[in-house]
Amino acid sequence: MKSLLDCAKFQTRNIKCGLNPRIIDANHLIHIYSKHSLIQYVQKLFDEMPERNVFTWNAIINTYVKDQNFAQARTLFNAAPLKDCVTYNTMLSGYVNSEGFQDQAVQLFAEMLFVDKVSEYALTTMLGLVTKLSLLSYGRQLHSYMLKTGNSVSRYALSSLIVMYSKCGCFRDAWRVFDGSDVGFVDTVSKNAMVAACFREGEVEMARDVFSSRPQLNDEVSWNTMISGFAQNGYEEEAIQLFRGMIEEGFVWNEHSFSSVISACSGVKNLKLGKEIHAWILKEGMSLNPFISSSFVNLYCKCGLLNYAHSVYTTNQKDNPFTVTPLIVGYSGVGNMLEARRLFDSLPDKNHVVWTAMISGYVNEHQCENAFQLFRELMTQKTTVPDELIFINLLGACAIHATFNYGKQIHASILRTGTAMDAKLANSLVDTYSKSGNVSYAQRVFQLAVDRDTIIYNSMIAGYALHGYENEAIQLFSQMTERGFQPDEVTFLALLSVCRHRGLVKIGEEYFFSMTKDYKISPGTDHYASMIDLYGRKNQLDKAVSLMEKLPMEPDAVILGAFLNACKMNRNVELAKAAEDKLLQIEGGNGSRYAQLAGIYASEGKWNEMGRVMKMMRGREAKKTAGCSWVYIGDTVHTFISGDRSHSDNDAIHVILGCLIKELTKLSATIFLEEELGTFS
């Protein structure tokens, strides 16, 4: 009786004839009914059996264990007059493989030790539980017991111990178990477990050595483990070579081979091989499972072929979340937030990757309000933020809009959710508070940061520089170098900004020349532009000209723009005119540059030159970027663009603005009159 129908016919015939089935037949019926989840028939048959043996009890207990009804399974377990190792192992396996029954598993195992019913299967099952819970001390006790009872020498036990030590963070112990075992007990399973452990630890060369030794033990799993390990550890080219070598050695590619090698192709953007594999799979008539489909979508997204990625998504398992996730990341990465949001909203369950991708995409597109709104949705659904990168992106949005209140709210969310304050997060907070105008908050976060690095020092120095705390910036730089932190290009750019605002030419020169002399840092265009601006502000145009002549690179628009400002501050139209051609060759389409030149000529009364520049601007159809400002009132942002009158309160705003202009005009006239009268007194 192999089929359910045969069993039903057999039982019907016995009932009609008034016969009780033999115990072996009844046990078989219980087994078949259990496989088909016919629990009420199993229980009825069990209740009607005049005689039962240990197999009967094991079968009924296993039925309820598979149904996750552990209360009934345990009741039957306690009532069983005879229990063998299978009885105990059935209950133990059920507890271990179900969430929330770990304590019962440990208690049952202790009971098994007491009644001497511990088998190799029970030990390896408990090792699996230890691995899942990362209970290393308990794992060591199990290993000691296995050594004491001789249960550590089997091949299955060997692989279980390797996995346990590796996943509990004790790679060296895993290696000692493998390396110290008898050669005869190392089989394919234990060897594969050791290779995987090496890759988890990042020991790529050791994994290669284990794989190469005793090649007769290698199977498809061995090759796939190597390909996956290479791909995950940044050895994408080696993974691709091994994929090709796998078929040459007579092994067959499978879904694991494909998903791993496509991941490697994504890492190095090998679109050609990815397309070849895709074509081969389609030609062979193989179906794309969810993992392979998502791998292809990820590959095409990373290579910029979003139309290919979308085609794979729509053709294969459209409701597959593994496929949707990389597509959302891809659309967010290129700024197509409408399509990314449409896919995002279609997901019933959203993982941390898509939440992070959406918020990051909104911030990169400066759609900060959408990012904040999405974060509010996230906090209504989850009690914890799944990825600290979400906080970092949101703080970046606060820095872009200089929104102090939102910055405080994000900071409060970080504290409320118990998110660890690592260097990246602390740096983002310092940057946000600095750019939103609250240096004291930035300073407090900096002082409380335990894990400091060069980046957070740079943010704090830049914050001091931005708000006129020049002495604090210089002192913090001294503290930074005293504590062994190495300054970089950003550090010196912030220091030069300090010197520009205070007009500290001598100190600025010391920092500028120290970059090359003491830290072997080559100044970039921004550093040269800062020095030229510094010289211009202190009326040392000759030094600015000298520095321009010594530039190790062709001056770009940033340097030339700084030089023009220096010319304007020093009222040197001739030098400005000499730099005009170079600047307009580089940024001839930027209307702001024409306005800058026109302003220089106008300030010196060179109206013909100003008219020439403006005429040139119109002839080249250069556009000047419109000015933009915004203000937060409550949770709403109000944006104002130069010349735009579309705001709903436009009329009222301009009435108030007119009143303010009148008051300022009166005030300026009063001040002027007082100054004039003062000259006669």
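In helix α21 (residues 337–346), D345 and R341 are four residues apart and are therefore separated by about one helical turn. The two residues form a salt bridge in this predicted model, with closest N and O atoms 3.0 Å apart. D345 is partly exposed, its relative accessible area being 47%. A comparable arrangement occurs in helix α17 (residues 271–283), where E276 and K272 lie four residues apart, about one turn of the helix. Their salt bridge has its closest N and O atoms 2.7 Å apart. E276 counts as partly exposed at 38% relative accessibility, whereas K272 is exposed, with a relative accessible area of 61%. An α-helix has 3.6 residues a turn, so residues three or four places apart point the same way.

A further salt bridge joins the side chains of E203 and R172, with an N to O distance of 3.4 Å. E203 is located in the loop between α12 (188–201) and α13 (204–212), and R172 in helix α11 (residues 171–179), so this pair ties together parts that are 31 residues apart in sequence. Both residues are partly exposed: E203 has a relative accessibility of 27%, and R172 has a relative accessible area of 45%. Salt bridges also link R140, D173 and R176 in a network. The count of salt bridges comes to 14.

The protein chain as a whole contains 38 helices and two strands. Of its 681 residues, 45% are buried. Among contacts with a separation of 6 or more, 57% are between residues 24 or more positions apart. The accessible surface comes to about 35700 Å², and carbon and sulfur atoms account for 53% of that area.

Helix α24 (residues 388–401) has 14 residues, which at 1.5 Å a residue should span 20 Å; the end C-alpha atoms are 20 Å apart, in agreement with this expectation. Ten of the 14 residues of α24 are buried, so the helix is largely enclosed by the rest of the structure. The buried set consists of I390, F391, I392, N393, L394, L395, A397, C398, A399 and H401. Just after α24, A402 takes a positive phi of about 50°.

The UniProt annotation "repeat: PPR", from an unreviewed entry, covers residues 84–119, 219–253, 351–386 and 453–487. In residues 84–119, the end C-alpha atoms lie 10 Å apart, and the span is 69% helix and 0% strand. For residues 453–487, the end C-alpha atoms lie 10 Å apart, with 74% helix and 0% strand. N89 is found in helix α6 (residues 85–96). This asparagine, N89, is buried, with a relative accessible area of 10%. With residues up to four places away in sequence left out, N89 touches M112, S119, Y121 and A122.

A nonpolar patch of about 370 Å² on the surface is made by I656, L657, L660 and I661. One of these residues, L657, lies in helix α38 (residues 650–680). L657 is partly exposed, with a relative accessible area of 41%.

Conventions: Residues are numbered from 1 along each chain as its sequence is written. This is a predicted model: local features need pLDDT of at least 70, side-chain atom pairs count only at pLDDT 80 or more; totals for chains, interfaces and linings use all residues. Side-chain values use heavy atoms; hydrogens and water are left out. Buried means under 20% relative accessible area, exposed over 50%, partly exposed in between (1.4 Å probe, protein chains only). Contact means heavy atoms within 4.5 Å. Accessible areas come from the Shrake-Rupley method with a 1.4 Å probe; for residues, only the protein chains shown count as cover. Patches are made of residues with over 30% relative accessible area and no salt bridge: like charges are joined within 9 Å, nonpolar side chains (Val, Leu, Ile, Met, Phe, Trp, Tyr) within 5 Å. A salt bridge is a side-chain nitrogen of Lys or Arg within 4 Å of a carboxyl oxygen of Asp or Glu. The expected span of a helix is 1.5 Å times one less than its number of residues. UniProt positions are given in the numbering used here, feature names are shortened, and annotations may be inferred rather than shown by experiment.
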